[in-house]
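Dear colleague,

Please find below the structure I am passing on to you, together with its sequence. My notes on what was found in it follow directly after.

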Amino acid sequence: MKLKFVIILTAIATTLRWQAGAQTYDTNNDVVQTFAGSAFTGYLDGVGQLTMFSNPSKVVSDISSNLFVLDIGNYRIRKITPDGTVSTFAGGGNQTTGVGTNVSLSTYTFSSMNVDHSNVLWIATGSYLLRIDSAANFSRTNLSGISQYSGVCVDSENNIYYSDYFGNHIYRYRTNSVLEVFVGSGNSGSIDGNGVFTSFSNPTALACDSADNIYVFDSGSFHIRRINQNRDVVTIAGLHSGNFDGNGTNTGFNAISAMCADNSGNVYLACGTSIRKMDAATNVVTMAGSFTQNSYTNGAGNLARFNTASGLCLSQGSIFVADSGNERIRQIAFNPQPQVVSGANLSIGTFAGLTITGVVGRTYQVQASPDLSTWSTVATVLLTASPYLWIDQNPVSGNKFYRAVLLP
């Protein structure tokens, strides 16, 4: 009888190990494209893929769909407009306080960044909470509990929340500059409950939804915890270490470096080599990337690859990812539709081809047709200038029409 018992336990353990690798992809036709950055590490402003970053670790979006990137290796905050233009917003100077590029950020150890509803950036770094407003005015506040692992989020009233990794608290910094412990007793553990009668184990990434629920990745217990404004703490996802998709506590997370929420109750998770989504019913799926492979590939979600996806945000109906290991800002589009570039069609004349007037640094697909009805792809072009002259090196005999399609 004892031998049978051992065999049964072994079979159960084997099944659990198999489940721990389960990856379920989102069915929403998610497609990954590069929005900004190149394969090169460096510091170069410009447009789209004709730019350089050095360890872009966090990305947030303001109410005008401008992106702000925490470019850690360059000790700068970079701004990316919706058309892909990259500029330096703050950092690079030699002042401890001031405005924009007059300020030095080289003395800080950054952990997280978020933006409030007044377009003010809040950055957790060391013992300081940095504040940079929309005019790039810079200030800082010395607060307890901020470390290089702290997460930051903002509620609908512009109150700031940050996680205390070592002290196992979640703090709230009110708009009247009052700092208070929001939840957590300071004891290490994973006990749900209310307010200070709860415990956390090294909390890191935070997010806030439209109902002002705060989501916490409790890295020591590998749980996702949810906190409402009544300060009730509930564990809603995660069982133990290991990446696997599923529902609620029948899921696993090795690490979550950033989270954000939409208005439909979905929470999006940056998990290193994958981007995952948890819906309002705590169903967890993978949007893009792999649990086990890190590299650089664009395309459909299941084929796309990331190398240290460490930040993400929602903007322009897409998810933007700070893919720090690839030195790029990546874009994930939902059910993307190709956009035909206006005026791109050109009948064959003295040459076979067309002139593309579009966004420098973005990728375009050139399609050809004999009758303006049936189209086939003949080239994929990264726009290095606008207008851009493309000539078909292998034209098919007879009349042909061309058009350019902006890829998502």
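I begin with a single pairing: Val47 stands opposite Thr85 in S6. Please bear in mind throughout that this is a predicted model. The pair belongs to the contact between S2 and S6, which run antiparallel and share 2 bridges. Both strands are part of an open sheet of 5 strands, ordered S2-S6-S5-S4-S3 and paired in the antiparallel sense. Its edges are strand S2 (46–47) and strand S3 (56–61); each has a single partner strand, so one side of each lacks a neighbour in the sheet.

Overall composition

The chain has 408 residues, of which 51% count as buried. Its secondary structure amounts to 1 helix and 36 strands. When contacts between residues at least 6 apart in sequence are considered, 48% of them join residues at least 24 apart. The exposed surface of the chain is about 17,300 Å², with carbon and sulfur atoms supplying 51% of it.

The largest nonpolar core

In soluble globular proteins, nonpolar side chains tend to be buried together. Here the largest nonpolar core holds 18 residues, and the members that touch the most others are Ile77, Phe89, Leu105, Met113, Leu121 and Ile132. Two or more residues each come from strand S4 (67–71), strand S6 (85–90), strand S8 (110–115), strand S9 (121–125) and strand S10 (128–132). The greatest contribution is that of S8, with 3 residues. Leu121 may serve as an example of the surroundings: leaving out residues up to four places away in sequence, Leu121 touches Val60, Phe68, Ile77, Phe89, Met113, Asn114, Val115, Leu130, Arg131 and Ile132.

A second open sheet

Another open sheet of 5 strands has the order S16-S20-S19-S18-S17, again with antiparallel pairing. Strand S16 (193–194) and strand S17 (203–208) form its edges, each pairing on one side only. Between S17 and strand S18 (residues 214–218) there are 4 bridges in the antiparallel sense. One of the residues involved is Leu206, whose bridge partner in S18 is Val216.

Strand S1 and its partners

Strand S1 (residues 31–36) has 6 of its 6 residues buried, so the rest of the structure largely encloses it. S1 pairs with strand S26 (residues 299–300) over 2 bridges, in the antiparallel sense; Val32 stands opposite Gly299 there. S1 is also joined to strand S29 (residues 328–333) by 5 bridges, and these two strands run antiparallel as well. Within that pairing, Gln33 has Gln331 of S29 as its bridge partner.

Cysteines

The count of disulfides comes to 0. For Cys153, the closest cysteine sulfur is that of Cys208, at 5.2 Å, which is too far for a bond. The cut-off applied to a pair of cysteine sulfur atoms is 2.5 Å. Cys153 counts as buried, at 1% relative accessibility. Cys271 also counts as buried, at 9% relative accessibility.

Two loop residues

Phe166 and Thr273 both lie in loops, but they are placed in opposite ways with respect to the solvent-accessible surface: Phe166 is exposed, with a relative accessible area of 59%, whereas Thr273 is buried, at 18%.

Phe166 sits in the loop between strand S13 (160–164) and strand S14 (169–173). Leaving out residues up to four places away in sequence, Phe166 touches Ser147 and Tyr149. The C-alpha atom of Phe166 is 8.9 Å from that of Ile146, a residue 20 places away along the chain.

Thr273 is in the loop that links strand S23 (267–270) and strand S24 (274–278). Neighbours within four places in sequence aside, Thr273 is in contact with Gly289, Ser290, Phe291, Thr292, Gln293, Asn294 and Phe306. With one of these residues there is a polar contact: the side chain of Thr273 reaches the backbone oxygen of Ser290 at 2.5 Å. The C-alpha atoms of Thr273 and Ser310, which are 37 residues apart along the chain, are separated by 9.1 Å.

With kind regards

Key:
Residues numbered from 1 in each chain as written. Predicted model: local features only at pLDDT ≥ 70, side-chain atom pairs only at ≥ 80, totals over all residues. Heavy atoms only, no water. Pairing = 2+ DSSP bridges. Buried < 20%, exposed > 50% of the residue type's maximum accessible area, 1.4 Å probe, protein only. Core = buried A, V, L, I, M, F, W, Y, C linked by side-chain atoms within 4.5 Å. Contact = heavy atoms within 4.5 Å. Areas by Shrake-Rupley, 256 points an atom, 1.4 Å probe, with all protein chains shown as cover. Polar contact = N/O pair within 3.5 Å; in protein donor to acceptor, adjacent residues only side chain to side chain.
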